[in-house]
Amino acid sequence: MRRFWILLTPLLLAGCIKSSASYYIDDGSNDHVISVRAEQEYFWKKEITLTLVAAHMPECQRVFPMSSVPLHDVSVELFSNGDDVYTLRSGTEVMQVDTLSCALLAEPAPKALGQPVGTFFLDEKNMTFEKAAAPHAPAPGTAGAGGGA
């Protein structure tokens, strides 16, 4: 009977999710990144535990726990505040991190999130990072339109 349970153990873990995605701050380099890890402990759990990893190698690398979110609602927005300060928002949770010192900063004001960089999300069983669309430049001749004589 004990052998049966030993053989069954891998099947219990087979449906679990354990994945991560990264945003490379310095293009072409693994030294300066923000990663979000997602982990589902057991296949029957309907929640994913998120973890933020800030790395600026070789100076620092730190792991920050985030909240658990429903399996169907895994979405972490990434914003840039400039000067290597980034804000992450997952539902109502907001975190701000300085990637040069790998330090967690005070939560920013809701209107001070910064420029959208992209979104981390769960695609099937894999975490994925998708860059935000580039802001559109105004069409030529539309600046100041509507302010007629």
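These are my notebook entries on aromatic pairs and a salt bridge in a predicted model.

**Entry 1: aromatic rings**

I began with the rings, bearing in mind that a pair of aromatic rings is described by the distance of the centres and the angle of the planes. Looking through the structure, I found 3 aromatic pairs. One of them joins Phe 120 and Phe 129, with 4.7 Å from centre to centre and 50 degrees between the planes, and is classed as tilted. I noted that 50 degrees falls in the tilted class because stacked requires planes under 30 degrees apart and edge-to-face requires over 60. I then asked which residues the ring pairs link into a cluster, and wrote down Tyr 23, Tyr 86, Phe 120 and Phe 129.

**Entry 2: buried or exposed?**

For the two Phe residues I looked up the relative accessibility, where buried means under 20%. Phe 120 has 0% and so counts as buried, and Phe 129, at 18%, counts as buried too.

**Entry 3: the salt bridge**

Next I turned to charge, since side chains of opposite charge can pair when their charged atoms come close. The count came to 1 salt bridge, and I found that Glu 77 forms it with Arg 89, the closest N and O atoms lying 2.8 Å apart. Which parts does this pair tie together? Glu 77 lies in strand 5 (residues 75-82) and Arg 89 in strand 6 (residues 85-90), so the salt bridge ties together parts that are 12 residues apart in sequence. Last, I checked accessibility for both partners: Glu 77, at 27%, counts as partly exposed, and Arg 89, at 26%, also counts as partly exposed.

Key:
Residues are numbered from 1 along each chain as its sequence is written. This is a predicted model: local features need pLDDT of at least 70, side-chain atom pairs count only at pLDDT 80 or more; totals for chains, interfaces and linings use all residues. Side-chain values use heavy atoms; hydrogens and water are left out. Rings of Phe, Tyr and Trp (its six-membered ring) pair if their centres lie within 6.5 Å; planes under 30 degrees apart count as stacked, over 60 as edge-to-face and the rest as tilted. Buried means under 20% relative accessible area, exposed over 50%, partly exposed in between (1.4 Å probe, protein chains only). A salt bridge is a side-chain nitrogen of Lys or Arg within 4 Å of a carboxyl oxygen of Asp or Glu. Helices (H or I, at least four residues) and strands (E, at least two) are DSSP runs, numbered from the N terminus.
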